[in-house]
Amino acid sequence: MDSQEINVVLHENRTFPPSKAFQDKAHISGMDAYNALYKKSIEDPDTFWAEAASELHWFKPWDKVFDDSEKPFFKWFTGGKTNLCYNCVDRHLDGPNRNKAALIWEGEPGDSRVLTYFDLHREICKFANGLKSLGVQKGDRIAIYLPMIPELAMALLACARIGAVHSVIFAGFSADSIKDRVLDMDAKFVITGDGSWRRGKALNLKALVDEAVEGVDCVEKVVVVKREQSDAFTCSMKEGRDVWYHKLVKDQSQNCPAEELDSEDMLFLLYTSGTTGKPKGIIHTQGGYMVYTYLTAKYIFDLKPEDVYFCTADIGWVTGHSYLVYGPLANAATCIMYEGAPNHPDNGRFWDIVEKYGVTIFYTAPTAIRAFMKWGDKWPQGRDLSSLRLLGTVGESINPEAWMWYHKTIGAEKCPIVDTWWQTETGGAMLSPLPGVTATKPGSATLPFFGIDAAVVNEDGKETEAGLLTIRKPWPAIMRGIYGDPERYKSTYWCKWDGEYYFPGDGAKVDDDGYFWILGRVDDVVNVSGHRIGTAELESVYVEHPSTAESAVIGIKHEIKGQCLASFVTLKDGIEESEDLKKELNELVAKKIGKFAVPEKIIFTSDLPKTRSGKIMRRLLRDIAEGRALGNVTTLADPSVVESLKCQYSED
Ligand code: ATP
Ligand code: MG
């Protein structure tokens, strides 16, 4: 089907309006308020975004809100001078937030650290002065390979403060992956650590960096943070290149004026998760990204001064950038940052943290929610989760049954759930409920945020019920390009609809209420007997079965049908695989969707191939099923999963 239309096979009708109590206190309450603001944001974006930007500090106001003269290389708040670090920290020092906890950090072994806004300011300034003393200058790229310790958040903010461009590499990547990124960004400096704790094991990070930068000429200095209270890590220092962080900052002044930066000065580069192939170095700049993450964090998480906000994402991913560091801090929130694994020392660790700190807002990913379901209800039920008032999810479509579990078991049926759809490229959340506004539906990211002109269209750009998701107007945090590859930026995101609309690469449907449902990546859409179906709907049927924790469905070549389906299914803890269970699953699919969607093969597996950020890599499953050499595997979390699936698949 050339039109790129997709067949809708599931209809979810349950709705969950926000409670009156929630609505009464929310920043934005009720559909009328949303509609009025949304209308304004679309009809008069310049005024809308100027007002949002005015809530933040600018050393010099912008001349122009939006500039599309070099389309699709858009600019926002041109001529304006600002500083994102200043807005996240300094802006809060003159009032009641000065001594408020900005970061509450907990290490995996149970050690902890609380930094007030004043503390954070001091530490960032010392860090920034230390970097300057090494010769770091505005525009220099700094690769950051640090575990989830406070110095990681500080490193981002210190770079932003002096106009250095940070690029965080998730601290689980191999030496080769670090090297690829360091070379791609031409990094002059690397900030790393001696080690970290993961599931009780000491991880030695520095050795990986040593291997990665060996013979790499662009790297001049490596700053090494010593993980507090630990001598468990082995770490060697190279004379002339490596510098201990604690020595570097010891005698630095605790004042470092924030650089007055151009709104369009580069803020960071971040490589995408690599679900579909080679990661792309996405560029974001100071002003637009700042305004957009500030406003989305404020309204989507309904942040209030008394909230304790816990985003479980690693800062190595865009979610950690926008909604652990920049967005919440720009709103003077109190953020929880946790170093380790969710299942250490046991499967209840996140719930311990919620109870211990009285977390009110909890933001995580569907992959984590499915793991919680797999582990069983006893873990959350053994903790006091009554402080929670709002839940969120991001990263993949959430299966309606996983949504219901989250709603009941974690949210006690009283917390709204914000399912936020967005990408590294979009900088901030694009589709999401507003918790005091939107009646949510399990599995739907619901409605566009202010200023976001989202639509579902076919290949001709005409609106349709199910097809390609598109955004028809630029927004302040839109990526500014792919580092070093402007052509790839154009050909990836502006390849359709005469380059007028942004193409995110995801399929979606819209329902009668105008709600958006992400159906999966367009590349993953399966085509069976003339039906084009998104993976999200197929997989959600499997997750509905009480024995199933997770599933991935792919289309494979079939001589007669063109394509047929193979389903990979993970079972909940304690459930045995059996032929009867396969039969039950097939019957469920036949009943919910139709006989044509019953797969050729069901493969039970203890795990699925995922990126290090926890997303299912369906393209690798297709490679396995069709007996091809595997494509880019550098972002795969656990290579052994693929090996065992390969064996299983050929035996089956
Ligand atoms: P790559 O672009 O390298 O393949 P990636 O797309 O996984 O990697 P990210 O930018 O981290 O990298 O992920 C964005 C993608 O995640 C979206 O395009 C979408 O497919 C998926 N996604 C994120 N949030 C949601 C959500 N709430 N519902 C459905 N899908 C989501
Ligand atoms: Mg992507």
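1. Let me start with the largest cavity in this predicted model. Its lining is made up of Trp105, Arg113, Ile149, Pro150, Glu151, Val225, Lys226, Arg227 and Glu228. The volume comes to about 60 Å³. By residue type, the lining splits into 4 nonpolar and 5 charged residues, with no polar ones.

2. The second largest cavity has a volume of about 40 Å³. Around this cavity you will find Val168, Ile169, Phe170, Phe173, Arg181, Leu270, Tyr271, Gly316 and Trp317. Here the lining consists of 7 nonpolar residues, 1 polar and 1 charged. In total, the structure has 3 cavities of 30 Å³ or more.

3. Next, a pocket. The second largest pocket holds about 320 Å³ of space, and 20 residues line it. If you want to find its centre on screen, look for Leu10, Glu12, Pro400, Trp517 and Ser540, the lining residues that lie nearest to it. Three elements each give two or more residues to this lining: helix H15 (400-410), strand E25 (516-521) and helix H17 (535-544). Of the contributors, H17 gives the most, with 4 residues. The lining of this pocket is mixed in character, with 8 nonpolar, 5 polar and 7 charged residues.

4. Strand E16 (residues 308-311) deserves a look in side view. Side chains in a regular strand alternate between the two faces of the sheet. In E16, Val308 and Phe310 point one way, while Tyr309 and Cys311 point the other way. Which of these are buried? All four residues named here are.

5. What does E16 pair with? One partner is strand E17 (residues 334-338), which runs parallel to E16 and is joined to it by 3 bridges. Within this pair, Val308 stands opposite Thr334 of E17. To get from E16 to E17 the chain passes through helix H11 (residues 318-330), and the resulting β-α-β crossover is right-handed. Strand E18 (residues 361-364) is also parallel to E16, again with 3 bridges between them. There, Phe310 has Phe362 of E18 as its bridge partner.

6. A word on Ala330, which sits in helix H11. Why does Ala330 count as buried? Its relative accessibility is 2%, and buried means under 20%, so Ala330 falls into that class. Ala330 and Met290 are 40 residues apart in sequence, yet their C-alpha atoms are 8.1 Å apart in space.

7. Finally, there is an open sheet of 4 strands, in the order E21-E22-E24-E25, with antiparallel pairing. Strand E21 (454-457) and E25 are the edge strands; each has a single partner strand, so one side of each is left without a neighbour in the sheet. On average, neighbouring strands in this sheet are turned by 45° against each other, ignoring direction. Inside the sheet, strand E22 (residues 466-471) and strand E24 (residues 506-510) run antiparallel and are joined by 3 bridges. One pair to pick out is Ala466 with its bridge partner Lys509 in E24. Edge strand E25 also links back to point 3, as one of the elements that give two or more residues to the lining of the second largest pocket.

Terms used. Residues are numbered from 1 along each chain as its sequence is written. Chains are lettered from A and ligands numbered from 1 in the order in which they are written. This is a predicted model: local features need pLDDT of at least 70, side-chain atom pairs count only at pLDDT 80 or more; totals for chains, interfaces and linings use all residues. Side-chain values use heavy atoms; hydrogens and water are left out. On a 1 Å grid over the protein atoms alone, a cavity is a set of points where a 1.4 Å probe fits but cannot get out, and a pocket is an open set with protein on both sides within 12 Å along at least five of seven lines; lining residues have an atom within 4 Å of a point. Grid points are joined across faces, edges and corners, and a volume is the space filled by probe spheres set on the points. Ala, Val, Leu, Ile, Met, Phe, Trp, Tyr, Cys and Pro count as nonpolar, Asp, Glu, Lys and Arg as charged, and the others, Gly among them, as polar. Buried means under 20% relative accessible area, exposed over 50%, partly exposed in between (1.4 Å probe, protein chains only). Two strands pair if DSSP finds at least two bridges between them. A crossover is right-handed if, with the strands pointing away from the viewer, the path from the first strand over the helix to the second runs clockwise. Axes are lines fitted to C-alpha atoms, for helices over the stretch in contact, and angles run from 0 to 180 degrees between N-to-C directions.
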